[in-house]
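Colleague: Before we look at this together, I would like to ask on what grounds some of the usual structural terms are applied here.

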Amino acid sequence: MQPEQPVDRDAYRRVVGRFATGIAVVTTIVDDTDHAMTVNSFASVSLDPLLALFCAEKVARFHDAVLAAGVWGVSVLADTAEDVSRFYAHRGRPLKGQLDGRPHHRGGLGVALFDDALATLECRTTAVHDGGDHSIVVGEVVAVDTPAEGSPLLYHEGRYRRLG
């Protein structure tokens, strides 16, 4: 048996980049300040109970905000929302007014949900697991909606993609 060689990080990124993912914006609110972050690490976990997860980089300011709030919303982006994805993926943008000009409403948990999202979920955090440089945030799904029709925005091999 040959000794295992460490996996090259760039090779790893290329390999996992072949797995196409949808794009969502996760939101939370702390002390009347909205926080938002683009994610492609969102997944359904369980149907009984209803659980979903997303991963947050530990150095992102969103990380501490969502852990403090204990509640979060997910807005699944349509293929027309690449600009939205890019904006909420940008580090260092101002917190104040970051939702201005983006049509949204408040869910029952008080989190912002985008009006033009293909799907929205509201979650209450039930567990946080260590995931290396990220935290895996698991939440009980307390509300869902499908506010708009359309095709999803996808990410594959380091680029935004669309179906068809």
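Modeller: Let me begin with pairing: two strands are said to pair if DSSP finds at least two bridges between them. This is a predicted model, and in it strand 11 (residues 153-156) and strand 12 are joined in the antiparallel sense over four bridges.

Colleague: What makes strand 11 and strand 12 a pair?

Modeller: The criterion asks for at least two bridges, and strand 11 and strand 12 have four bridges, so by that definition they pair. One of the bridge partnerships is that of Tyr155 with Tyr160 in strand 12.

Colleague: Why are strand 1 and strand 12 called edge strands?

Modeller: Three strands make up an open sheet in the order 1-11-12, with antiparallel pairing. Strand 1 (21-22) and strand 12 (159-162) each pair on one side only, and are the edge strands.

Colleague: How do you know that strand 5 pairs with strand 4 and with strand 10?

Modeller: The same count of bridges decides it, with at least two required. Five bridges join strand 4 (residues 42-47) to strand 5 (residues 50-57), and these run antiparallel, while seven bridges link strand 5 to strand 10 (residues 134-145), also in the antiparallel sense. Strand 4 and strand 5 form a hairpin with two residues between them, and Leu47 stands opposite Leu50 in strand 5. On the strand 10 side, Glu57 has His134 as its bridge partner.

Colleague: Which residues of helix 2 are called buried, and what does the term require?

Modeller: Buried means under 20% relative accessible area, and in helix 2 (residues 61-69) the term applies to Phe62, His63, Ala65 and Val66. The buried residues of this helix pack against strand 2 (24-30), strand 3 (33-39), strand 5, strand 6 (71-76) and strand 10. Just after helix 2, Gly70 takes a positive phi of about 75°. By the same cut-off of under 20%, 38% of the 164 residues of the protein count as buried.

Colleague: Why is the protein described as being as compact as a globular protein of its length?

Modeller: The protein has three helices and 12 strands. Its radius of gyration is 16 Å, which is close to the 15 Å that the globule rule gives for 164 residues, so the protein is as compact as a globular protein of that length. Along the principal axes, its C-alpha atoms fill a box of roughly 55 × 35 × 35 Å.

Conventions:
Residues are numbered from 1 along each chain as its sequence is written. This is a predicted model: local features need pLDDT of at least 70, side-chain atom pairs count only at pLDDT 80 or more; totals for chains, interfaces and linings use all residues. Side-chain values use heavy atoms; hydrogens and water are left out. The radius of gyration is taken over C-alpha atoms; the globule rule is 2.2 Å times the number of residues to the power 0.38. Buried means under 20% relative accessible area, exposed over 50%, partly exposed in between (1.4 Å probe, protein chains only). Contact means heavy atoms within 4.5 Å.
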